[in-house]
Amino acid sequence: KLIDILSYGGSTPDIVINYVVCSVVLFAAGRAQLRDVEASRASLCWASSALAFVIAFQLGLCTVIGCTGISIIWNAAAGYAVIFELRAGPLRVWGEEVGIPTRHRAHGRPPARPAPTLVAALVLCAAADVFYAAVAPPLTTAAHGCALVLGAVLAAAHGCVRRLAACCTATSTALPPDTQPLARSDTLAPT
């Protein structure tokens, strides 16, 4: 069953289209993640966990409903990459600033241009989605849209967790010494 899911039931055109799009989108999403100046091991762990979740979701869904393919994976990766890139700071697209102004503006940096690999990946993703909207049942198009939203939600959740962790770290280091949590060796010994 797993081989059938991953091989599109032997359809060579679907295999080529989907694995090329998936490879390009995952490469671009990975580059966007690594370009982040604040990328940390925890951040990369979150992205890897999100990808593992989406892969498990795709395989589980196809096992339950009898579909084939990996298009949910590349659509979710595209949604993740877009939100991740927009959260990184304003971008300059066709001379206009887009995105969520965050650390770039705070540090006086000019808006960045989106990475060419990300733009190429999104164009390829959109072309594949349009192709499948024309040739596949409407449920496939709905699944692709939902996967884009899933990826965007995972990226937004990543940002929330990151801010929460930064807030907790800043708060715990700012506490007066007498309110710091006790270390195991600092516990009261019997007298």
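Colleague: Hi! Which cysteines form a disulfide here, and how far apart are their sulfur atoms?

Modeller: Cys 62 pairs with Cys 67, and the two sulfur atoms sit 2.4 Å apart. Bear in mind that this is a predicted model.

Colleague: Thanks. How many disulfides does the structure hold?

Modeller: There is 1 disulfide in the structure.

Colleague: And what about its handedness: is the Cys 62 and Cys 67 disulfide left-handed or right-handed?

Modeller: The S-S torsion comes out at about -95°, so this disulfide is left-handed.

Colleague: Are those two cysteines buried or exposed?

Modeller: Cys 62 is buried, at 0% relative accessibility. Cys 67 is partly exposed, with a relative accessible area of 23%.

Colleague: Why is Cys 22 not in a bond?

Modeller: The closest cysteine sulfur to that of Cys 22 belongs to Cys 125, and it lies 10.0 Å away, which is too far for a bond. Cys 22 itself is buried, because its relative accessibility is 8% and the cut-off for buried is under 20%.

Colleague: What about Cys 45, buried or partly exposed?

Modeller: Partly exposed: Cys 45 has a relative accessible area of 47%.

Colleague: Back to Cys 62 for a second. Which buried residues does helix 3 have?

Modeller: Cys 62 is one of them, and the others are Ser 43, Ala 47, Ala 50, Val 54 and Gln 58. The helix covers residues 41-65, which makes 25 residues. From first C-alpha to last it reaches 36 Å, close to the 36 Å expected at 1.5 Å a residue.

Colleague: What happens just after helix 3?

Modeller: Gly 66 comes there, with a positive phi of about 80°.

Colleague: Which residue other than glycine has a positive phi?

Modeller: Tyr 8 has one, near 55°. Tyr 8 lies in the loop between helix 1 and helix 2, and it is buried, with a relative accessible area of 10%.

Colleague: Let's zoom out. What does the secondary structure of the chain come to?

Modeller: The chain has 7 helices and 2 strands. Reading from the N terminus, the order is α-α-α-α-β-β-α-α-α.

Colleague: How much of the chain counts as buried?

Modeller: Of its 191 residues, 29% are buried. The exposed area of the chain is about 11,400 Å², with 72% of that supplied by carbon and sulfur atoms.

Colleague: And what share of the contacts with a separation of 6 or more comes from residues 24 or more positions apart?

Modeller: Those pairs account for 64% of them.

Colleague: Now helix 4. How many of its residues are buried?

Modeller: In helix 4, 14 of the 17 residues are buried, so the helix is largely enclosed by the rest of the structure. It runs over residues 71-87 and reaches 24 Å between its end C-alpha atoms, close to the 24 Å expected.

Colleague: Can we pick one residue from it? Where is Asn 75, and what is it in contact with?

Modeller: Asn 75 is in helix 4 and is buried, at 0% relative accessibility. Leaving aside neighbours within four places in sequence, Asn 75 is in contact with Cys 125, Asp 129, His 144, Ala 147 and Leu 148.

Colleague: His 144 caught my eye. Which residues does His 144 touch?

Modeller: Not counting residues up to four places away in sequence, His 144 touches Ser 71, Trp 74, Asn 75, Asp 129 and Tyr 132. His 144 is found in helix 7, residues 138-174, and it counts as buried at 4% relative accessibility.

Colleague: Ser 71 again, then. How far is its C-alpha from that of Ile 17?

Modeller: The two C-alpha atoms are separated by 9.7 Å, and the residues are 54 apart along the chain. Ile 17 belongs to helix 2 and is partly exposed, at 27% relative accessibility. Beyond its neighbours within four places in sequence, Ile 17 is in contact with Ala 128, Phe 131 and Tyr 132.

Colleague: Last one, on the surface: which residues make the nonpolar patch of about 240 Å²?

Modeller: Leu 2, Leu 6 and Tyr 19 make that patch. Leu 2 is in helix 1, residues 2-6, and it is partly exposed, with a relative accessible area of 46%.

Conventions:
Residues are numbered from 1 along each chain as its sequence is written. This is a predicted model: local features need pLDDT of at least 70, side-chain atom pairs count only at pLDDT 80 or more; totals for chains, interfaces and linings use all residues. Side-chain values use heavy atoms; hydrogens and water are left out. Helices (H or I, at least four residues) and strands (E, at least two) are DSSP runs, numbered from the N terminus. Buried means under 20% relative accessible area, exposed over 50%, partly exposed in between (1.4 Å probe, protein chains only). Contact means heavy atoms within 4.5 Å. Patches are made of residues with over 30% relative accessible area and no salt bridge: like charges are joined within 9 Å, nonpolar side chains (Val, Leu, Ile, Met, Phe, Trp, Tyr) within 5 Å. Accessible areas come from the Shrake-Rupley method with a 1.4 Å probe; for residues, only the protein chains shown count as cover. A salt bridge is a side-chain nitrogen of Lys or Arg within 4 Å of a carboxyl oxygen of Asp or Glu. The expected span of a helix is 1.5 Å times one less than its number of residues. A disulfide is a pair of cysteine sulfur atoms within 2.5 Å.
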